[in-house]
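Biologist: I should like to learn how the side-chain contacts and the enclosed spaces of a model are read. May we take the features one by one?

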Amino acid sequence: MPLLTQQIPDENDYSLVANLDNVRNLSTILKAIHFREHATCFATKNGIKVTVENAKCVQANAFIQAGIFQEFRVQEESVTFRINLTVLLDCLSIFGSNPMPGTLTALRMCYQGYGYPLMLFLEEGGVVTVCKINTQEPEETLDFDFCSTNVINKIILQSEGLREAFSELDMTSEVLQITMSPDKPYFRLSTFGNAGSSHLDYPKDSDLMESFHCNQTQVNRYKISLLKPSTKALVLSCKLDM
């Protein structure tokens with residue numbers, strides 16, 4: 001990416017520098033967690049974590065590992081900033097979301113540090129666009145401490161099964177009830193909507209079930225309005241750990 005390299009005066013001044021040959025891979029991942037306007041970004045030598053929260057009840061994280069980038073450098077132990085995710089996605093798709101066959105949009109992302117904007121250098125077909133997005137003071141995010149020693153039940157199933165479930169269950173229900181049990185029904189999804197109750201059962205030996213470890217019966221209810229944003233991530237995923 002020679003044009004992008006020429007646009008940056010001195011990379012040593014930046015806390016974060018990342019190169020990506022195909023920006024649409026990053027854009028697709030971020031769209032999966034885009035259910036709120038702002039996101040908090042955490043960068044370490046291992047990669048970038050982008051976190052979106054809603055009312056301290058729901059948290060979505062996108063992990064972009066350092067190995068995905070063609071170049072990835074973080075000068076400090078960690079770099080944290082808050083950014084408008086809507087604006088970021090608009091900038092990443094500035095050349096359009098439907099490229100010509102064989103055409104890729106390259107990205108060079110630079111962040112100088114606290115108080116500075118996030119700089120995006122996007123190149124497609126020899127044309128370079130520079131975007132500067134103001135960053136904000138990062139807010140404290142929820143720390144979901146899922147200690148493995150306290151896990152009672154754990155199920156891994158193919159995402160395809162849950163995508164089908166969301167299309168079949170009655171979404172007029174306010175809640176989704178999830179039942180896990182060492183005995184029948186093993187794994188059940190239930191809704192209680194205008195048309196009555198509906199249940200969808202998964203046998204533990206189902207082809208969709210990758211792993212089933214259940215020690216005791218557990219029934220939990222979750223607001224469907226808080227679960228709906230996860231459907232974007234389900235479209236991209238192949239497995240679900242619950």
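Biologist: Does Glu124 count as buried or exposed?

Modeller: The class rests on relative accessible area: buried is under 20%, exposed is over 50%, and partly exposed lies in between, with a 1.4 Å probe and protein chains only. Glu124 has 16% relative accessibility and therefore counts as buried. Arg24 is likewise buried, with a relative accessible area of 16%.

Biologist: On what basis are such values given?

Modeller: This is a predicted model, in which local features need pLDDT of at least 70 and side-chain atom pairs count only at pLDDT 80 or more, while totals for chains, interfaces and linings use all residues. Residues are numbered from 1 along each chain as its sequence is written, and side-chain values use heavy atoms, with hydrogens and water left out.

Biologist: Which interaction do the side chains of Arg24 and Glu124 form?

Modeller: A salt bridge requires a side-chain nitrogen of Lys or Arg within 4 Å of a carboxyl oxygen of Asp or Glu. The side chains of Arg24 and Glu124 satisfy this, at 3.5 Å from N to O. Arg24 belongs to helix H2 and Glu124 to strand E8 (residues 118-124), so this salt bridge ties together parts that are 100 residues apart in sequence. Helices (H or I, at least four residues) and strands (E, at least two) are DSSP runs, numbered from the N terminus.

Biologist: How many salt bridges does the whole structure hold?

Modeller: The search finds 7 salt bridges. One of the pairs is Arg82 with Glu139, at 4.0 Å from N to O. Arg82 sits in strand E6 (residues 79-84) and Glu139 in the loop between strand E9 (127-133) and strand E10 (153-158), so the pair connects parts that are 57 residues apart in sequence. Arg82 is buried at 17% relative accessible area, whereas Glu139 is partly exposed at 48%.

Biologist: Where do Glu210 and Lys239 lie?

Modeller: Their side chains also meet in a salt bridge, at 3.7 Å from N to O. Glu210 is in strand E14 (residues 209-214) and Lys239 in strand E16 (residues 239-241), so the pair joins parts that are 29 residues apart in sequence. Glu210 is partly exposed at 42% relative accessibility, and Lys239 is partly exposed at 49%. In addition, a network of salt bridges links Glu71, Arg73 and Arg108.

Biologist: Which residues lie nearest the centre of the second largest pocket?

Modeller: On a 1 Å grid over the protein atoms alone, a pocket is an open set of points with protein on both sides within 12 Å along at least five of seven lines; a cavity is a set where a 1.4 Å probe fits but cannot get out, and lining residues have an atom within 4 Å of a point. Of the 15 residues lining the second largest pocket, His38, Glu53, Asn54, Arg82 and Glu139 lie nearest its centre. Strand E2 (38-44) and E3 each give two or more residues to this lining, and E3 gives the most, with 4 residues. The pocket holds about 240 Å³ of space.

Biologist: How many cavities of 30 Å³ or more are there?

Modeller: The count is 1, and the largest cavity has a volume of about 100 Å³. Its lining includes Leu16, Cys41, Phe69 and Met109. Helix H2 (23-31) and strand E3 (47-54) each supply at least two lining residues.

Terms used. Points joined across faces, edges and corners; volume = space filled by probe spheres on them.
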